[in-house]
Amino acid sequence: MIADLGYIAIFLALATSVYSATAFVLGATRQQPALVQSARNGTYAVFGLVSIASFALLYALLARDFQLSYVASYTSRATSVVYTIAGFWAGNAGSLLLWSWLLALCGAIVLWQNRRKNQELIPYASLTILVTQALFLALMVFTANPFQKLPAIPADGQGLNPLLENPGMLFHPTTLLAGYAGFTIPFAFAVAALITRRLDHQWLATTRNWTLVFWLLLGIGNVLGMQWAYVELGWGGYWAWDPVENAGLMPWLTATAFLHSLMVQRRGGMLKVWNMSLIGATFFLAIFGTFITRSNILSSVHTFGESGQGPFFLFFITAGIILFTALVVSRLSDLRSEHQMESLLSREASFLLNNLVLVAATVVILLGTMLPLFSRILAGKEVTVGATFFNSVAGPILVVLVLLMGLCPLIGWYRTSPGKLLNNLLTPLYAALATAIVLLTLALVRVIPLKPYAVATFSICAFALTTVFLEWGRGTRARHRIHGENYFRAFISLIGKSRARYGGYFVHIGIVLIAMGIGASSAYSISEEFTLAPGGSMKVGQYTLRYEGLDQYPTPKQMVVSAGLSVTNGQRAAGHMEAKRYFKSNFNPVSEIGLRSGVSEDLYIILMGWDESGSAAFKVLVNPLVLWIWVGGGLMLGGTFIALWPTQRRNAEE
């Protein structure tokens, strides 16, 4: 009964999406308000129907209805309630339903928010949302039905892959999917603005917060994925340049470029075609990322490996790009810049350079990701590029972006005199020079190895941080002088009066901290492998680890092998650590690392293997400053909330 209800709701939602999209077009072009209102009601109905289907699947999971193939594949009687709920998006069909529900929710909110404004734009924006919605509903109706029944009901389900039984499963897929789905909204308003020729600042103002929210969700989703990979996969890293990882990064990069360049358009009426191109690229890269996760065209540990969906996605992406490009070209006369860039020493120029770097990074990542497919098609054999290639390209690009983040606040709008710029640069340059001297001195006395790339990275990070602190300091002193507030009150008031600007600075600090964590852990990480008998010890960096022995025991769900170690840091006891391996029927063994995380470095232990005598093989890493990657992600979250918080007055530069 519940399966039939869910499938019927999906089918009706597809039919209603097609009807509402058609009604919006006819109602808008024929000036028939009743038809537009009917389409609005249909959009709300789509949300209701997809919600019914979602609740039906959730109920089936919690009720352990193993008659459904999806429920039997992703839950079992031993699966906890939390991970049973997470089973909703653990597989292809369920994640498609969640994607569809998130988009339906956004579409309903857009209609409600704009019930008394943007009446010209809404029919065409809703059309774009509904057409995208129809794609995902059609996939569930024709290729990936989450309510597919089994011919015979099994006594128990297979359960989740042990790798997925991690808190990251609750947040990483959901934030990524929300980011992917949500980028439909700013794209929809861009399409509506092009169709109606309403290409003033209104569509930008309408979509800024939507873009910022989904940029944040996708960024946090990527950081959460890094943290999950770090603690769960047991290889010592956090980013492997897997195709699915890259697919989540690319639309975030182009959305970052869009958020910066829209400020230039709002302030000076420039970069209109560029902004349309960026929001289009962001949307299609989000759809492409969803496609990559659900296809076999590229090898990835993260894909669902489903077949039959490729033609739907490829047709949608190809047709969409052609139609959107044609629409932009047909509106080139309306997209002419209102002003010209006055000087290369201007904030507009620095934002454009920032954009070019971000887009270049996206293109390189896209080409590197797609190279195996291109080589198979063109040369008949698969050629791949590994992490070394991506790191050699992406690392310098990240450093350049951090440098630009430090430079942009020092340059004024329209033009800045060379003398004033040089004066603004002095203190940040001194900070960068001091950082370089400290690191080179530590290398000379052999406290740390000499790593020129790391020296450059940390020096530029110091430059960018100093710029932010100087901006805060100048603003705080000005408020203290003008309003007589104490410095703490002046600082809080400064942020409150210009939340977009200073929230952005918090985001910049977060990105700098992430860059520092990546730079330190890449350059200064120590890795050693040992095989020890019980009672044996090993030394890695300043740590001494003594192997205490092996323990094997069953749990209701799996067999566990645990290796215990006592840890000494120099002459000080640092406690007990365990590294484990889990064995669950029908799944490959899974590692649980031993991890001691600190402000300066992480001690990371992997159990590689063992023998009957109790001897065990370990891989041990000391990874500096990894904690600051996660702290940086938290600052990105906090800074974006500050930027989004409503204010009574928004300055033009925000």
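Student: How far apart are the end C-alpha atoms of helix α8 (residues 184-196), and what should its 13 residues span?

Tutor: This is a predicted model, so we compare its geometry with an expectation. At 1.5 Å a residue, the 13 residues of α8 should span 18 Å. The end C-alpha atoms agree with that, being apart by 18 Å.

Student: Is α8 mostly covered or not, and how many of its 13 residues are buried?

Tutor: Buried means under 20% relative accessible area. The buried residues of α8 include T184, I185, P186, F187 and T196. The helix is mostly covered, and the number of buried residues is twelve.

Student: What covers the buried residues of α8?

Tutor: Several helices contribute to the cover. Those that precede α8 in the numbering include α5 (92-113), α6 (122-142) and α7 (168-182). The cover also includes α9 (202-232), α11 (272-293) and α12 (310-330).

Student: Which residue follows α8, and what is its phi?

Tutor: The helix is followed by R197. The phi of R197 is positive, near 60°.

Student: How many of the residues of α6 are buried?

Tutor: Start with the length of α6. Its 21 residues reach 30 Å from first C-alpha to last, close to the 30 Å expected. The helix is largely enclosed by the rest of the structure, because its buried residues number 19 of the 21.

Student: Is T211 buried or exposed, and what is its relative accessible area?

Tutor: T211 has its place in helix α9. Leaving out residues up to four places away in sequence, T211 touches F183, P186, F258 and L259. T211 is buried, and its relative accessible area is 0%.

Student: Which residues of the largest nonpolar core touch the most other members?

Tutor: That core has 180 residues. Beyond four places in sequence, the contacts of W215 include F183, W252, A255 and V507. The two residues that touch the most other core members are W215 and M276.

Student: How many residues are in the other core, apart from the largest one?

Tutor: This core lies apart from the largest one. Its members include V561, A563, L607 and A616. Its number of residues is 20.

Student: Which strands stand at the edges of the open sheet of five strands, with a single partner strand each?

Tutor: Read the strand order: β2-β3-β4-β5-β6, with antiparallel pairing. An edge strand has a single partner, so one side is left without a neighbour in the sheet. The edge strands are β2 (537-540) and β6 (590-592).

Student: By what angle are neighbouring strands of this five-strand sheet turned against each other on average?

Tutor: The angle ignores strand direction. On average the turn is 25°.

Student: What is the bridge partner of M538 in β3?

Tutor: β2 and strand β3 (residues 543-554) run antiparallel. Four bridges join them. In β3, the partner of M538 is L545.

Student: Which are the edge strands of the open sheet of four strands?

Tutor: The order here is β1-β9-β8-β7, with antiparallel pairing. Each edge strand pairs on one side only. The twist averages 15° from one strand to the next. The edge strands are β1 (526-532) and β7.

Student: How many residues lie between β7 and β8 in their hairpin?

Tutor: β7 (residues 594-597) and β8 (residues 601-610) pair in the antiparallel sense over four bridges. G594 stands opposite I605, and S597 stands opposite D602. The number of residues between the two strands of the hairpin is three.

Student: Is P409 buried or exposed, and at what relative accessibility?

Tutor: P409 is found in the loop between α14 (387-407) and α15 (418-444). P409 touches R347, T467, E471 and Y505, not counting residues up to four places away in sequence. P409 counts as buried, at a relative accessibility of 11%.

Student: What distance separates the C-alpha atoms of P409 and I322?

Tutor: Along the chain, these two are 87 residues apart. The separation of their C-alpha atoms is 38 Å.

Student: Over which residues is the pLDDT below 50?

Tutor: The protein chain averages a pLDDT of 90, and 97% of the residues score at least 70. One stretch falls below 50, yet has 20 contacts in the model beyond near neighbours in sequence. Where pLDDT is low, predicted coordinates should not be read in detail. The stretch in question is residues 649-654.

Key: Residues are numbered from 1 along each chain as its sequence is written. This is a predicted model: local features need pLDDT of at least 70, side-chain atom pairs count only at pLDDT 80 or more; totals for chains, interfaces and linings use all residues. Side-chain values use heavy atoms; hydrogens and water are left out. Two strands pair if DSSP finds at least two bridges between them. A nonpolar core is a set of buried Ala, Val, Leu, Ile, Met, Phe, Trp, Tyr and Cys residues joined through side-chain atoms within 4.5 Å. Buried means under 20% relative accessible area, exposed over 50%, partly exposed in between (1.4 Å probe, protein chains only). Contact means heavy atoms within 4.5 Å. The expected span of a helix is 1.5 Å times one less than its number of residues. Axes are lines fitted to C-alpha atoms, for helices over the stretch in contact, and angles run from 0 to 180 degrees between N-to-C directions. pLDDT is the predictor's confidence in each residue, from 0 to 100.
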